[in-house]
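Hello,

Here is the structure I promised to pass on. Please open it first, then read my notes beside it.

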Amino acid sequence: VDLVREVVASLVRWSIVVVAVFTAAFMLVGREILECLTSHSRIVSYAVDYLPWQYAAPAASVSAYILDGIFVGANCFRDMRDANFLGMLAFVALLCCLSRSSFSLW
């Protein structure tokens with residue numbers, strides 16, 4: 001049990017570092033990344049409006065990846081199912097509350 005706690009604590013520490021690096025990279029060179037993905041300047045200028053959502057994506061998703069690895073690794077399928085169901089309920093609730101714009105996708 002102590003070893004599991006130590007491993008999870010190490011995983012969280014490394015995840016914080018990776019989130020910081022990716023968020024900084026997106027903030028510093030986000031437009032350049034978009035320009036590598038397409039040569040159409042109109043698409044890049046349109047996509048730049050959505051970069052703040054990309055800045056938040058690593059921090060918003062890291063806990064899901066950590067919990068997925070822990071639950072699947074420990075074979076806690078029932079707990080994983082319940083967590084996914086609660087996540088789906090939160091998604092549907094937000095979908096009903098938000099406008100139907102492109103920002104709702106994020």
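In which helix is the place of V18? V18 sits in helix α1. Keep in mind throughout that this is a predicted model.

**The chain as a whole**

Start with the overall layout. The chain has four helices and zero strands. Read from the N terminus, its elements run α-α-α-α. The radius of gyration is 18 Å, well over the 13 Å that the globule rule gives for 106 residues, so the chain is more spread out than a compact globule. Along the principal axes, the C-alpha atoms fill a box of roughly 55 × 35 × 20 Å.

Next, the surface. About 8,400 Å² of the chain is exposed, and carbon and sulfur atoms supply 70% of that area. Of the 106 residues, 14% count as buried.

Then the contacts. Take those in the chain with a separation of 6 or more. Residues 24 or more positions apart account for 61% of them.

**Where α1 meets α2**

Helix α1 covers residues 2-37, and helix α2 covers residues 41-48. Their axes come within 9 Å and cross at roughly 145°. The crossing is right-handed. On the α1 side, R31, L34 and E35 make the contact. On the α2 side, V44, A47 and V48 do so. Sorted by class, this contact has four nonpolar residues, two charged residues and no polar ones. Try picking out these residues on your screen.

**Residues along α1**

I looked at several positions in this helix. Here they are in sequence order.

- L11 is found in helix α1. Its relative accessibility is 35%, so L11 counts as partly exposed, which is the class between under 20% and over 50%. L11 and F22 are eleven residues apart along the chain, and their C-alpha atoms are separated by 16 Å.
- V18, from the question above, also counts as partly exposed, at 41% relative accessibility. V18 and S63 are 45 residues apart along the chain. Their C-alpha atoms are separated by 12 Å.
- F26 has its place in helix α1.
- C36 lies in helix α1 as well.

The last two deserve a few more words.

Is F26 buried or exposed? F26 has a relative accessible area of 17%, and buried means under 20%, so F26 is buried. What does F26 touch, leaving aside residues up to four places away in sequence? The answer is I33, Q54, Y55 and P58. F26 and S10 are 16 residues apart along the chain, with 24 Å between their C-alpha atoms.

Is C36 buried or exposed? C36 has a relative accessible area of 70%, and exposed means over 50%, so C36 is exposed. How far apart in space are C36 and E6? From C-alpha to C-alpha, C36 and E6 are 40 Å apart. In sequence they are 30 residues apart.

**To check on your screen**

Begin with F26 and find its partners I33, Q54, Y55 and P58. Then go to R31, L34 and E35 of α1, where the contact with α2 is made. Finish at C36, which is exposed.

Best wishes

Definitions and conventions. Residues numbered from 1 in each chain as written. Predicted model: local features only at pLDDT ≥ 70, side-chain atom pairs only at ≥ 80, totals over all residues. Heavy atoms only, no water. Axes fitted to C-alpha atoms, helices over the stretch in contact; angles between N-to-C directions. Helix = DSSP H or I, 4+ residues; strand = E, 2+ residues; numbered from the N terminus. Left-handed = near helix turned anticlockwise from the far one by under 90°. Contact = heavy atoms within 4.5 Å. Nonpolar A, V, L, I, M, F, W, Y, C, P; charged D, E, K, R; others polar. Rg over C-alpha atoms; globule rule 2.2 N^0.38 Å. Buried < 20%, exposed > 50% of the residue type's maximum accessible area, 1.4 Å probe, protein only. Areas by Shrake-Rupley, 256 points an atom, 1.4 Å probe, with all protein chains shown as cover.
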